[in-house]
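Here's a quick tour of a fold for anyone who likes to know what sits where before setting up a calculation. Have the model open while you read.

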Amino acid sequence: MSMYYCKKTRRQFLVGSGKTLLALPLLPSLMPVEAFAQAATPPKRMMMFWFDHGNLNVLWPAKSAATTAVGSSGMREVLLRNLGTASTISPVLNNPLYETLKNNDQMTIVRGLDASVRWGSAHGNFVVASAQDRNSEGGFPSIESVLESSKTLYPDSTPAYVRKAIRVGLLGAGLFYQKVGSGVQVLPHYEDWTIRNFYNEVFGSLTAGTTAPADNTNELKSNILNRVFGAYTGFKNSRKISAEDKARLEQHMGYISDLQKSLVQVAPTPTCSKPADPGSVSDPALCNRIYMDLLAVAFKCGLTKVGVMALEAQDPQWIPGLSGLGTNVHDAMHGSRGSAIQRTAFEVWWKYFANMIADRFLAPLNVEEGVTGRTYLENMVTGMLCAGGMGDLGDDNGHQGYDSQQLLIGNMGGALRSGRYVTMPSSGLPYNCFLITLLQLMGVPPSEYAFATPNGQGFGYYGEFPTNHVLKGRFYQPISEILT
């Protein structure tokens with residue numbers, strides 16, 4: 001049997017099939033993990049757990065542990081992995097997950113920030129209600145309010161079911177304040193008796209039990225055969241190409257089919273399961289656990305990008321180990337019963353919530369997100385933040401803002417230089433610089449947060465810092481030393 005060759009149609013075949021072959025390496029589902037991770041950037045997300053009443057020096061590394069200079073402003077750092085185990089770094093970090101996070105350079109401690117600007121009750125620039133005090137009219141919106149209103153973070157196309165900021169404040173912790181005109185309003189938030197409202201409002205969009213997560217990386221993994229099938233059938237049915245070329249085309253499609261099967265096996269479509277209805281809950285300890293469970297699901301399902309949970313210390317005598325203080329927990333933290341009781345109050349309280357955060361919030365998110373090659377935790381930032389500074393045993397620890405310390409988990413997909421213990425210079429940078437760092441990690445531009453300051457720069461109030469402060473030139477900037 002004779003074969004018919006046509007240079008024109010053969011050229012068309014080569015050009016057409018060439019397009020198919022050239023297109024295949026560009027399909028996101030065929031990229032190496034590293035390249036795909038860059039192409040499928042996960043959404044910006046931040047969870048802030050806020051610990052009231054400051055912290056104790058004795059529970060954390062001394063500032064002198066950081067010995068390597070970083071930058072030119074007097075900051076120093078040391079790798080956390082060089083300070084020993086997580087529980088050696090701090091006894092409150094005794095959960096095994098913190099050891100894993102530390103070894104994976106997914107934990108960062110920033111120490112020595114100056115949050116001493118005081119309003120009203122001298123609580124300083126609260127981490128969550130900053131940059132103003134809850135009992136004042138400082139005039140500056142809270143950080144989660146800025147994130148909530150950001151058009152960059154939440155463009156007009158944001159689905160209606162997304163909760164732009166989820167605030168949880170238990171045991172009367174009504175700490176969510178925002179400047180409105182000439183006054184201050186308490187922002188809507190969930191408390192221990194409104195957990196059912198939280199469930200219905202946040203998860204009401206999850207119908208039929210499950211929904212696809214907001215992460216759209218899996219959408220890029222559409223069937224390769226479907227993409228090239230039209231071109232394939234067109235070539236195969238042409239009477240102007242040789243049988244040999246048809247055989248080669250069949251062989252090529254077989255390779256694609258095998259590749260498709262392997263992709264289906266290694267990358268199943270993820271689903272987001274709707275959590276069970278918690279019902280009515282009155283036990284405050286149970287409320288904490290359920291809220292953290294639900295918050296983890298909300299982030300994983302793409303139902304929010306911003307969360308805040310305030311852990312207040314007003315008489316949580318239901319915490320194991322805190323029932324024999326001889327006073328309420330709040331007063332014990334302020335040293336009313338002596339140094340030994342004060343340390344017990346701080347250590348037991350911090351350890352209790354640090355373990356709960358690890359088990360109920362961090363662990364469910366310590367799994368790979370889509371096919372980014374990184375976990376949800378790595379792709380976001382979770383803060384374990386505290387009001388006030390680091391106090392010594394025996395001090396009243398009256399929420400002074402000097403020597404403030406904050407702990408971060410994750411690195412926002414590599415944007416944060418994580419895995420370090422970083423100390424500020426002796427002159428101290430304003431706590432506001434740390435807040436600006438968080439805002440920039442979330443991709444929020446200065447135009448969306450600096451408007452509230454008197455000079456249109458920075459974030460928060462700087463009026464009580466001396467005009468001749470040695471680092472004044474950095475007051476309105478992020479802490480570049482902890483950014484990549």
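What follows goes from the overall picture to the sheet, then the helices and cores, and finally a few loop residues.

## Overall picture

Keep in mind that this is a predicted model. The protein chain has 13 helices and 15 strands. Its length is 484 residues, and 54% of them count as buried. If you take contacts in the chain between residues at least 6 apart in sequence, 73% of them join residues at least 24 apart.

## The sheet

Nine strands make up an open sheet with mixed pairing, in the order S3-S4-S15-S5-S14-S12-S1-S11-S6. S3 and S6 are the edge strands: each has a single partner strand, so one side of each has no neighbour in the sheet. On average, neighbouring strands are turned by 20 degrees against each other, direction ignored.

Some of the pairings are worth clicking through, and here they are side by side.

| Strand pair | Sense | Bridges |
|---|---|---|
| S3 and S4 | antiparallel | three |
| S4 and S15 | antiparallel | four |
| S5 and S15 | parallel | three |
| S6 and S11 | parallel | four |

Start at the S3 edge. S3 and S4 form a hairpin with four residues between them, and Gly71 in the turn has a positive phi of about 75 degrees. Within that pair, Ala69 stands opposite Arg76 in S4. One strand further along, Glu77 faces Val422 in S15. S15 also pairs with S5 (residues 107-113), and there Arg111 sits opposite Thr423 of S15.

Now jump to the other edge, S6. What happens to the two faces of strand S6 (residues 166-169)? Both are covered: Ile166 and Val168 are buried on one side, Arg167 and Gly169 on the other. That two-sided pattern fits a general rule, namely that side chains in a regular strand alternate between the two faces of the sheet. As for pairing, S6 runs parallel to S11 (residues 306-311), where Val308 is the bridge partner of Arg167.

## Helices and cores

Helix H11 (residues 339-365) lies across S1, S11, S12 and S14, and runs at about 160 degrees to S1. H11 also meets helix H4 (residues 96-103): their axes come within 9 Å and cross at roughly 70 degrees. That crossing angle makes H4 roughly perpendicular to H11. On the H4 side the contact is made by Leu97, Tyr98 and Leu101, and on the H11 side by Ala354, Ile357, Ala358, Leu362 and Ala363.

A second helix pair is lined up quite another way. Helix H6 (residues 195-203) and helix H9 (residues 284-300) pack at an angle of about 5 degrees, with axes 11 Å apart. H6 and H9 are therefore roughly parallel to each other. H6 brings Ile195, Phe198, Tyr199, Val202 and Phe203 to this contact, and H9 supplies Cys287, Ile290, Tyr291, Leu294, Leu295, Val297 and Ala298.

Which residues touch the most other members of the largest nonpolar core? They are Phe51, Tyr98, Phe198, Trp349 and Phe361, out of 72 residues in that core. H11 provides the largest share, 13 residues. Apart from this core lies another, of 44 residues, including Leu113, Ala165, Leu439 and Leu441.

Phe198 is a handy one to select. Setting aside neighbours within four places in sequence, Phe198 is in contact with Ile166, Val168, Tyr190, Phe203, Tyr291, Leu294 and Leu295. Two of those names should ring a bell from S6, where Ile166 and Val168 are buried on one side of the strand.

## Loop residues

Ser73 lies in the loop between S3 and S4. Is Ser73 buried or exposed? With a relative accessible area of 17%, Ser73 falls under the 20% cut-off and so counts as buried. The side chains of Ser73 and Arg474 are joined by a polar contact of 2.8 Å. Leaving out neighbours within four places in sequence, the contacts of Ser73 are Pro425, Leu471, Arg474 and Glu481.

Two residues other than glycine are worth a glance for their backbone. Asp403 has a positive phi, near 60 degrees, and is placed in the loop between S13 and S14. Met412 also has a positive phi, near 55 degrees, and lies in the loop between S14 and S15. Met412 is buried as well, because its relative accessible area is 6%.

Terms used. Residues are numbered from 1 along each chain as its sequence is written. This is a predicted model: local features need pLDDT of at least 70, side-chain atom pairs count only at pLDDT 80 or more; totals for chains, interfaces and linings use all residues. Side-chain values use heavy atoms; hydrogens and water are left out. Buried means under 20% relative accessible area, exposed over 50%, partly exposed in between (1.4 Å probe, protein chains only). A polar contact is a pair of N or O atoms within 3.5 Å; within protein, one must be able to donate a hydrogen and the other to accept it, and residues adjacent in sequence count only if both atoms are side-chain atoms. Contact means heavy atoms within 4.5 Å. Two strands pair if DSSP finds at least two bridges between them. Axes are lines fitted to C-alpha atoms, for helices over the stretch in contact, and angles run from 0 to 180 degrees between N-to-C directions. A nonpolar core is a set of buried Ala, Val, Leu, Ile, Met, Phe, Trp, Tyr and Cys residues joined through side-chain atoms within 4.5 Å. Angles under 35 degrees count as roughly parallel, over 145 as roughly antiparallel, 65 to 115 as roughly perpendicular and the rest as oblique.
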